[in-house]
Structure formats: structure tokens, C-alpha cells
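User: Please take a close look at the enclosed space in this model. Start with the smaller void, then work outwards to the rest.

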Amino acid sequence: MTENLQIDRLPRTVELARDADGGATLSYVDQRLLPAELSFARTRDWRAVVDAIKALAVRGAPAIGVAGAAAVALWAQEAAAGAAGAGEGAAYRDALGRAAETVASARPTAVNLRWAAERTRDGAFRALDGGATPSEVAEALFDQVKRMEAEDEAANRAIGAHGAALLRPGSRVLTHCNAGSLATAFFGTALGVVYAAAAQGKIERVYADETRPVGQGARLTAWELARAGVPCTLVCDNMAASLMARGEVDAVVVGADRIAANGDVANKIGTYGVAVLARHHGVPFYVAAPTSTIDASVADGAGIPIEERDPAEVLPQPLAGVEVWNPAFDVTPAALVTRIVTERGAFEPGSLVY
């Protein structure tokens, strides 16, 4: 059980802060180094943040949203110092728009990234319309990013509370990929549900799928749960069916990178298969995500862009005559989802409130 729950042992995943000289610096956990090393990277360079998002040093939809907003704020700081070549007036606005688009397009599937980059860009435009100077815009965007960090944690804690209410005491939960604190500014979405339920004494054990090919479950979820004091068993992806057949899983809780208007859910590749297994075995399948992950402009999952990544993630040494297909995400139809849990409550997929 979870008598030793220690959420405070989890690191802040992404955090914008002031250095001794007053400059803004983004600090983030380099998740490529986990579980062997908990290391924090720090940068003032917005381009380095974009590279970190592309390289999965920062990953998880809410976390890359906050990091993307911070990247736009760091661009504004660079522009205020005259180093971005942005100029003033229309030239500044154009340069800001291009920078925000570069950030937003770093990874195409997780809608939180575009949502956050465009929200920060629009905040800068409003400040400019109010007569702000580039330096004042940089200050305003720093404050906006700090609010977004706080909003993310508050949303995650609310998701946790709503999701915990769906679980019964002694629950054994299976999850796929990492939708924990590492995937957010702090606390987590799917694992936020686990942490909130664990605090109520409801969690007996969490089964973490390894999540091939990058191993987010094996490297990140298992590390995070162990650090927080939640009983965890790591399983290979192809073991989930056997676990369910043995009656060892009471609920599946996963995160999301984009949710279509009809409730179709894009999440890490392999989630769809877990949902099919859960339906066959009569196991409830819950999706936990903030409302910023809902993309009302996309009618259903067919409209969600699916990122395809480097074949080397699957096959480090190429084999002659062998091609590799490496989609980072798949789409789980709404019909397989029991509830979608947001900061506003737990909803049937066709009755989302956002």
C-alpha cells in the first residue's frame, strides 16, 4: 500500500526563474538521462528549449506546453536585449510570430504546445497594443509563464481529485507511457490520479508498461513511482493482456496528447492496444488530461496529426532491406474510453465540458 507516499520527492519538471543578474532562465529535468541520473539543464536560449522538446529532453504534453511558453518568453528577453534582430513595430511583431510558430511546430501531435506558444504570443501582442516596450513585453511574458506553471499544477491536482473518486480502495492500476509529474510542471495527470488515490489509501499497486520504443514507462514512470513511494511493477508491453486475464488490473489510467471534439484520444503509441484489451476484459479505461489538451477544432481522431520519429529509436543499427515505421502516437476511439478526467470533472467522451 502507500503509507510512505512522498510527492515532495518529485522534481519540478520545468520552471522559469530569475538568475542573480535578473535574467530569465528555464530549468528543466533532462529526461533522457533518467533513471540513471536526475539532472537539470538550464538555458536562456529559446532555440535550446525547442531542441530539448524535439529531442525528448522535455516531454509530456503539459510539460512541453509550459516549456514552449517559456521559450517564447526567452525570445522576448533576447529581443529586448537587441540580440534577436527583431527591431521594433511591425518587424518585432513579425519576428515574434515566427518564433512562436517555430516553438509551436516543434512537435505536431501534442496540442498543448501550440496552445501555450500561441497564448504567450497573444499575451505579447496585447502588451504591445497597450503601448509596452520590448523590455516590458519580456517582463509580462515572464509573469505569464509563472502563472501557467501554477495553473498547470492546480489543474493536475484537480484532475487527481476527480480521478481518485473513480477508483475503489485496493485498486491495481495499469498505465502506459509517462503521464506523471515528469510530464507536467508538477504532480501529473494519469499519475496525478494515482497520487491523489494513494493519499486516500486506495492504491495497492501500479503496473507500468515499458512503452517501447523509447521506454518512457520503464525509464520514467517506474522511477517516478518508486521515488514517490507508490508500489510499482514494471511489465513489458506484451504482458498487459495476461495481467488483465489473470484479474490483476482494476483500472487503466493514461494521459493524452490531444483529444478530439468527439472524445477520440491521441496518446503514446500502444495506448490503443491497451484500450482494446481493457474493453475485452471489462476493465475501465480512464484518460486524464487538462482541458488544454482538448482540440475542439478537430472533429475526430482522423484529424489529429501523428508524429513519426527517427527509425533509429526502433532499430539503432539499420539493416539492409528493412524499413522501420515509428509513429509516436496512436488514436484510441472514444467508444473504448470509459471516462475522460479533466480539471472540471470526469466525463463520458461524448459529453466533454471545456
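Analyst: Leu56, Arg212, Pro213, Val214, Gln216, Lys268, Ile269, Arg309, Glu313, Asn326, Pro327 and Ala328 line the second largest cavity (a set of points on a 1 Å grid over the protein atoms alone where a 1.4 Å probe fits but cannot get out; lining residues have an atom within 4 Å of a point). The model is predicted, with local features needing pLDDT of at least 70 and side-chain atom pairs 80 or more, while totals for chains, interfaces and linings use all residues. Numbering runs from 1 along each chain as its sequence is written, and side-chain values use heavy atoms, without hydrogens or water.

By class, this lining has six nonpolar, two polar and four charged residues (Asp, Glu, Lys and Arg are charged; Gly is polar). The second largest cavity holds about 60 Å³ of space (volume filled by probe spheres set on the points).

The structure has two cavities of 30 Å³ or more. About 170 Å³ lies in the largest one. Its lining comprises 18 residues, and Arg59, Gly60, Ala61, Asn178 and Asp257 come closest to the centre. The lining of the largest cavity splits into seven nonpolar, seven polar and four charged residues. Helix H2 and strand S9 (DSSP runs of at least four and at least two residues) each contribute at least two residues to this lining.

Where does the largest cavity sit relative to domain 1 and domain 2? It lies between them, because domain 1 (7-154) and domain 2 (161-347) both give residues to its lining.

Strand S9 spans residues 265-268, and Val265 belongs to it. Val265 counts as buried because its relative accessibility is 1% (the cut-off is under 20%). From Val265 to Thr120, the C-alpha separation is 25 Å. The two residues are 145 apart along the chain.

Now the open space. The largest pocket (an open set with protein on both sides within 12 Å along at least five of seven lines) contains about 230 Å³. Fifteen residues line the largest pocket. Nearest its centre are Trp115, Arg119, Glu151, Asp152 and Ser292. Seven of the lining residues are nonpolar, four are polar and four are charged.

Helix H2 (61-80) supplies at least two residues to the pocket lining, as do helix H4 (111-129) and helix H5 (134-164). Helix H2 also supplies at least two to the lining of the largest cavity. The largest pocket, too, lies between domain 1 and domain 2, because both give residues to its lining.

How values were computed:
Domain bounds come from an automatic or database domain assignment. Buried means under 20% relative accessible area, exposed over 50%, partly exposed in between (1.4 Å probe, protein chains only).
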